[in-house]
Amino acid sequence: MTKPQTLIADDELMAFIDGALDADRQRQIEQLALHDDELVATIAALRAQGKALRDSLDPVLVEPIPQRLLQLAPPSRFSLARVAAAMAWVAVGITAGSLTSWQYLSRNGQTGAEFASVSPAPDLPRFVRQATVAHAVFAPEVRHPVELDSTKLQALNAWLSGRLGRHMRAPDLSSLGFSLVGGRLLPADSGKPAAQFMYEDRQGQRLTVYLRGMAQPTPETAFRYLGEGGVSTFYWVEHNWGYALSGELSRPQLLQAARSIYEQLSI
Amino acid sequence: MTLFSHRIAEQIPSLRRYARALTGGNRENADDLVQDTLERAYAKWSLFRMGAELRPWLFSIMHNVFVNDVRRMSNRVATDPIEEAVAMGIPAPQENQVQMREVLAAVGRLAPEFREVLVLVSIEEFSYAETARILGIPTGTVMSRLFRARAQLAVLTGAAAPSDARPGLRLVR
């Protein structure tokens, strides 16, 4: 955990990445990063993400422009000086995109499968981390918490069953006061896609269920508990499938829900 | 290289790039968006204040066109792309594609308002204040959407947890 005086707010981290901080704070954060591996990794990941975005989009700048778009311009009074300016701008855009290189690019370039094969680490901690991060990222979303909502339950079940390669139905937690919001498909660096189901009670309290196939044969586990920053998670492995239930519930309440999910999703 | 016949036309390459991101990599839809934007921009050209910045003006026009498109799409029934893909047995975009297309597909899975902020800042390199003006939202909203967009994109591209010890994106909240 970072010490209080060194805490960097989300907004500040974004401004750091985008070069929008004042010089003093920018330097302070650079100093902090010298002694904080996690911060370094976060910054590297954000920069790699920006690089990946630019690499994906910058080629559009040099594509031939479809005639239908060029024809729209009204007859012109403008001319070559403008053209020169435009070409310069395009060139700058391309150079900025292609010259930027970051320390951690090679990692970003790896596919999930490659990553799994070079990483000797067991998949289970990674699975738990992915489940809790996915909870933290999507559970607070007001407008788009899921990709497919519960009004399309049949499509949701068919879609996620197809993508995960196993038959399943979104567990029913209505007896515990939680109704299904919907679900989403998430990639995992193990190469096995994951499904996330989201639930909500009358107070708007949310639970997420995260499951995927394990990247390697993994011994079955009993329910394991992890409490971190107000969010609690029960996770377990059965038949090489990992399951995690996360939410801000008391441990007994969450365990009750975990039991119900275990019964409904067990294969 | 095309000789551009109008100041607005000079911006077509970057408008196409932005539109490509907004449509999750779909070239046809992106160019439709650019076309609607250009038509509107040429029609409103007489209202453009000489000396004002052209790029923010054009991008705010595209924002308005895009918002209308999104609204129109969401009013139609059964146009959920995932649902259609399920019905037609087409795999959802994500796997079996080169990484570049995966990144764009992942951008396309972000909420529309997240896509806009992410690309205006990360790709088009507008400042937070310019982005706020283009989208007609407070700067604070730009920053919070930006954080959430980047965190979600990390998860959607599978980069959120490169190893168990080092999360790709730390959630400080």
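**Exercise 1. Determine which ring lies beneath the charged end of A:Arg251 in this predicted model, and place that ring in its aromatic surroundings.**

Solution. Step 1: the charged end of A:Arg251 sits over the ring of A:Tyr225, at 4.1 Å from the ring centre. Step 2: A:Tyr225 also belongs to a cluster linked by ring pairs, together with A:Phe223, A:Phe234, A:Trp236, A:Tyr243 and A:Tyr262. Step 3: for a further case of a charge over a ring, consider A:Arg184, whose charged end is placed over A:Phe138, 3.8 Å from the ring centre.

**Exercise 2. Classify the ring pair A:Phe127 and A:Tyr210, and state where its members lie.**

Solution. Step 1: the ring centres of A:Phe127 and A:Tyr210 are 5.6 Å apart and the planes stand at 55 degrees. Step 2: angles under 30 degrees count as stacked and those over 60 as edge-to-face; the pair is therefore tilted. Step 3: A:Phe127 is in helix 8 of chain A and A:Tyr210 in strand 4 of chain A, 83 residues apart. Step 4: A:Phe127 has a relative accessible area of 0% and is buried; A:Tyr210, with 2%, is buried as well.

**Exercise 3. Repeat the classification for B:Phe59 and B:Phe126.**

Solution. Step 1: here the centres lie 5.2 Å apart and the planes form an angle of 70 degrees, so the pair is edge-to-face. Step 2: B:Phe59 lies in helix 4 (residues 54-75) of chain B, and B:Phe126 in the loop between helix 7 and helix 8 of that chain, so the contact ties together parts 67 residues apart in sequence. Step 3: B:Phe59 is buried at 0% relative accessible area, and B:Phe126 is buried at 6%.

**Exercise 4. Decide whether the salt bridge between B:Arg150 and A:Asp18 lies within one chain or joins two chains, and describe the exposure of its partners.**

Solution. Step 1: the side chains meet at 2.8 Å, N to O. Step 2: B:Arg150 is in helix 9 (residues 139-156) of chain B, while A:Asp18 is in the loop between helix 1 and helix 2 of chain A, so the pair joins two chains. Step 3: B:Arg150 has 4% relative accessibility and counts as buried, whereas A:Asp18, at 26%, counts as partly exposed.

**Exercise 5. Locate the partners of the salt bridge between A:Arg212 and A:Asp123.**

Solution. Step 1: the closest N and O atoms of A:Arg212 and A:Asp123 are 2.8 Å apart. Step 2: A:Arg212 belongs to strand 4 (residues 206-213) and A:Asp123 to helix 8 (residues 123-138) of chain A, 89 residues apart. Step 3: both partners, A:Arg212 and A:Asp123, are buried.

Note on methods
Residues numbered from 1 in each chain as written. Chains lettered and ligands numbered in written order. Predicted model: local features only at pLDDT ≥ 70, side-chain atom pairs only at ≥ 80, totals over all residues. Heavy atoms only, no water. Salt bridge = Lys/Arg side-chain N within 4 Å of Asp/Glu carboxyl O. Helix = DSSP H or I, 4+ residues; strand = E, 2+ residues; numbered from the N terminus. Buried < 20%, exposed > 50% of the residue type's maximum accessible area, 1.4 Å probe, protein only. Phe/Tyr/Trp six-rings, centres within 6.5 Å; stacked < 30°, edge-to-face > 60°. Lys NZ or Arg CZ within 6 Å of the ring centre and 35° of its normal.
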